[in-house]
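Please find below some notes on the model, set out as numbered points. They begin with a single helix and then move outwards to the rest of the chain.

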Amino acid sequence: MSGTEEKRRAQIARRISEARKSAGLSQGQVAKLMEMHRPTISEIEAGHRRVNADELSTFANLFDVSVGWLLGEASETIETDDPRIQLAARELK
């Protein structure tokens, strides 16, 4: 595996892990929802297993993020005018 491919896989793995945690889901819950084994999710988040296009799409839908964000093609931060942030803030009040 080339260095560039390794860095890209690590970035995708980090973003999947970050999105899962932000969604408040455990690896076991994600595995069940995606009909995978929990160790598979662990391998994906560790960057040891490739994620295919269908899986990326499923992760994005599950975590309510874009595939572009998971791939590192979109900003790392959510803008404060994002409707999801505003809704969460209202609910916390």
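1. On the side of helix 4 facing away from its buried residues sit Ala53, Asp54 and Asn61, which are exposed; exposed means over 50% relative accessible area, buried under 20% and partly exposed in between, with a 1.4 Å probe and protein chains only. Helices here are DSSP runs of H or I with at least four residues, strands are runs of E with at least two, and both are numbered from the N terminus. This is a predicted model, in which local features need pLDDT of at least 70 and side-chain atom pairs count only at pLDDT 80 or more, while totals for chains, interfaces and linings use all residues. Residues are numbered from 1 along each chain as its sequence is written, and side-chain values use heavy atoms, with hydrogens and water left out.

2. The buried residues of helix 4, which spans residues 53-63, are Glu55, Leu56, Phe59, Ala60 and Phe63. They lie on the same side of helix 4 because they cover an arc of only 140° around the axis, the arc being that of the directions from the helix axis to the C-beta atoms. An α-helix has 3.6 residues a turn, so residues three or four places apart point the same way.

3. The cover over these buried residues includes helix 1, helix 2, helix 3 (38-45) and helix 5 (67-70). At the N-terminal end of helix 4, Asn52 acts as a cap, with a side-chain oxygen 3.0 Å from the backbone nitrogen of Asp54. Just after helix 4, Asp64 has a positive phi of about 55°.

4. The largest nonpolar core (buried Ala, Val, Leu, Ile, Met, Phe, Trp, Tyr and Cys residues joined through side-chain atoms within 4.5 Å) has 17 residues, and Ile16, Val30, Ile41, Phe59, Phe63 and Leu70 have the most contacts inside it. Helices 1, 2, 3, 4 and 5 each supply at least two residues of this core, and helix 4 gives the most, with four.

5. Leu70 is in contact (heavy atoms within 4.5 Å) with residues that include Ile16, Leu56, Phe59 and Ala60, when residues up to four places away in sequence are not counted. Leu25 lies in the loop between helix 1 (3-22) and helix 2 (27-33); leaving aside neighbours within four places, Leu25 contacts Arg20, Val30, Leu62 and Phe63. The C-alpha atoms of Leu25 and Phe63 are 9.0 Å apart, although the two residues are 38 apart in sequence.

6. For the chain as a whole, the secondary structure comes to six helices and zero strands, and 30% of the 93 residues count as buried.

Note on methods:
A polar contact is a pair of N or O atoms within 3.5 Å; within protein, one must be able to donate a hydrogen and the other to accept it, and residues adjacent in sequence count only if both atoms are side-chain atoms.
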